[in-house]
Amino acid sequence: MRNKGAVGIILTIFGSSMLFITAHLRAHTTKVKERNVDAVRISTSLDFSRYSVKQTPGDEVPPDCTENVDCVFWSGDLNYRVTCERDVAEKAIQNSNLEPLIKNDQLLEQIREKAAFRGFSEAPIRFPPTFKFDPGSSEYDTSAKQRVPS
């Protein structure tokens, strides 16, 4: 994955196993399929087979480490974006109306379509986009790129 990757840790607390994964997936609005592939590659390459928590002796450990624990928490720079026009995003933010942004959220779309993060859900989003601010300011990208707040 070149400079992208992940780290995972499994904790068992009071009999419940929890997997925490933090990852950095590919950037850019057009790289949705590549991000999905990165997520699958991460969940199938993190090897916790020595610490199998849900299998009984003799069972085969699933190749996807997320299927071998009770709870999974993904975090990090997943890089999924909002795919609407910048003016639509800015107006939604100004009006404190996140619905147009959520409707065009790539991650939520991929989860709905079962193209990535199957079986996962995301907590309701109640805050404006955090990408991409000008350095040291609260202004969204004023560079020549004019990236859509995501």
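Is cysteine 65 buried or exposed? Select it and look: cysteine 65 is buried, with a relative accessible area of 6% (buried means under 20%, exposed over 50% and partly exposed in between, using a 1.4 Å probe and protein chains only).

Before we go on, know that this is a predicted model, where local features need pLDDT of at least 70, side-chain atom pairs count only at pLDDT 80 or more, and totals for chains, interfaces and linings use all residues. Residues are numbered from 1 along each chain as its sequence is written, and side-chain values use heavy atoms, with hydrogens and water left out.

**Stop 1: the cysteines**

Keep cysteine 65 on screen and add cysteine 71, which is partly exposed at a relative accessible area of 33%. The closest cysteine sulfur to that of cysteine 65 is the one in cysteine 71, and at 14 Å it is too far for a bond. A disulfide is a pair of cysteine sulfur atoms within 2.5 Å, and the count here comes to zero.

**Stop 2: the aromatic rings**

Now for some rings. A pair of aromatic rings is described by the distance of the centres and the angle of the planes. Rings of Phe, Tyr and Trp (its six-membered ring) pair if their centres lie within 6.5 Å; planes under 30 degrees apart are stacked, over 60 edge-to-face, and the rest tilted. That rule gives five aromatic pairs.

Select phenylalanine 117 and phenylalanine 120: their ring centres are 5.9 Å apart and their planes are at 90°, so this pair is edge-to-face. Phenylalanine 117 is buried, at 10% relative accessibility, while phenylalanine 120 is partly exposed, at 22%.

Next, pick phenylalanine 133 and tyrosine 140. With centres 4.6 Å apart and planes at 20°, these rings are stacked. Phenylalanine 133 is partly exposed at 31%, and tyrosine 140 is buried at 13%.

To see a group, select Trp74, Tyr80, Phe117 and Phe120, which form one aromatic cluster.

**Stop 3: charges over rings**

Stay on tyrosine 80 and add arginine 35. The charged end of arginine 35 sits over the ring of tyrosine 80, 5.0 Å from its centre (the rule asks for NZ of Lys or CZ of Arg within 6 Å of the ring centre and within 35 degrees of the ring normal). Then try arginine 81, which lies over the face of phenylalanine 131, 4.1 Å from the ring centre.

**Stop 4: the pockets**

Time to hunt for empty space. On a 1 Å grid over the protein atoms alone, a pocket is an open set of points where a 1.4 Å probe fits, with protein on both sides within 12 Å along at least five of seven lines; lining residues have an atom within 4 Å of a point.

The largest pocket holds about 780 Å³ of space. It has 28 lining residues, and the closest to its centre are Leu78, Asp105, Leu107, Glu122 and Ile125, so select those five. Colour β3 too (strands are DSSP runs of E, at least two residues, numbered from the N terminus): β3 gives the largest share of this lining, six residues.

Which residues are closest to the centre of the second largest pocket? Of the 15 that line it, they are Ser43, Asp64, Thr66, Phe117 and Arg118. This pocket has a volume of about 240 Å³, the space filled by probe spheres set on the grid points, which are joined across faces, edges and corners. Finish on helix α1, residues 32-45, which gives the most to this lining, with five residues (helices are DSSP runs of H or I, at least four residues).
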